[in-house]
Amino acid sequence: MSAPVAVDRANRRQITGYSNPTVKFLKSLRDKKHRRREGRFLAEGLRLLTDARENGRVPEMLVMADKRDPHPLLDALIAAVDVAGGEIVETTPDILSKISGKDNPQAVAGVFAEFDTTLATLDRSAAPIWLVAQALRDPGNLGTMLRTGDAIGAGGLILIDDCADPFSVEAVRASMGAVFTQGLAQATWDEFLPWLRSGAGQLVAASLREAVPYRGAPYTAPCFVLVGNESRGLPDNYERASDLRVTMPMKGRADSLNAAVAAAVLGYEVLASLKG
């Protein structure tokens, strides 16, 4: 059994009213407009917040249910927030439900400052594989791609053009903590392509245009796996700018895969190919 964690009580308070300004602030973070205004986002769940802590990101505010089971990971999280000078809030499960918008909310949530998502933050030499998504509109797909990137050892996810917000509650939840373990950048195509061509990097597009089978294709590291919008695919000029276009066989009536699934299939093939 872990030892009790000493917490600075000056940084700890309890909220019992739905109309409390902090509750209103936390609920507002479910809205993109308010997230951007505040530069903050909400993440839920002990495992997810532990992934954040283990990757050097500690919430500015930790919100906990006042009726919860003890856990050593929670003790470690409380201690980390305390050391960082963050705020610890206890509230009721009902209020947590209002904050998260879920009937069965997690017993713990955290408020984090949004990350710097410029291309300059990425080190392309840090990993042999990178995932790139163009006009990805579904936050669940976005979170799944982050999770896939973590699974295949990718350096991160680059979001091109008008994509879903990676800091939305839905995307963060779907990432299962990978939003804290993967590099993340947002850029336009006109920003991304010159950045890519300024160093090493093979751009591989999932495509039907003069494409070769994805199995056994000549992948090289660092490999940037590019998938398009869920319904429209990639623009023609984006495909033409790619170094390699690959296709996956469709044995049934479907003519394409879900964007996140396509990224996973290609990502694992690239991983296997580069490992030889």
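Start by selecting helix 1 (residues 21-28) and helix 5 (residues 93-100), which pack at an angle of about 40° with their axes 7 Å apart. Helices here are DSSP runs of H or I with at least four residues, strands are E runs of at least two, and both are numbered from the N terminus. Axes are lines fitted to C-alpha atoms, for helices over the stretch in contact, and angles run from 0 to 180 degrees between N-to-C directions. This is a predicted model, in which local features need pLDDT of at least 70 and side-chain atom pairs count only at pLDDT 80 or more, while totals for chains, interfaces and linings use all residues. Residues are numbered from 1 along each chain as its sequence is written, and side-chain values use heavy atoms, with hydrogens and water left out.

Show the side chains of V23, L26 and K27 on helix 1 and of I95, K98 and I99 on helix 5; they make the contact (heavy atoms within 4.5 Å).

Stay on helix 5 and select I95, L96, S97, I99 and S100, which are buried (under 20% relative accessible area, with exposed over 50% and partly exposed in between, for a 1.4 Å probe and protein chains only). The buried residues of helix 5 pack against helix 1, strand 2 (40-44), strand 3 (61-65), strand 4 (87-91) and helix 7 (169-175). Just after helix 5, G101 has a positive phi of about 80°.

Next, select L42, E44, L96, I99, S100, P105, Q106, V108 and A109, the lining of the largest cavity. On a 1 Å grid over the protein atoms alone, a cavity is a set of points where a 1.4 Å probe fits but cannot get out, and lining residues have an atom within 4 Å of a point. The largest cavity holds about 30 Å³ of space, a volume being the space filled by probe spheres set on the points, which are joined across faces, edges and corners. Helix 5 supplies the largest share of this lining, three residues.

Now move to the largest nonpolar core and select L62, M145, L157, F180 and Y219, which touch the most other members among its 53 residues. Such a core is a set of buried Ala, Val, Leu, Ile, Met, Phe, Trp, Tyr and Cys residues joined through side-chain atoms within 4.5 Å. Helix 11 (residues 259-275) gives the most to this core, with seven residues.

Finally, centre on M145: leaving out residues up to four places away in sequence, M145 touches L131, A133, L136, L157, V227, A260 and A263.

Terms used: 1 Å grid on protein atoms, 1.4 Å probe; cavity = no way out; pocket = protein on both sides within 12 Å on 5 of 7 lines; lining within 4 Å.
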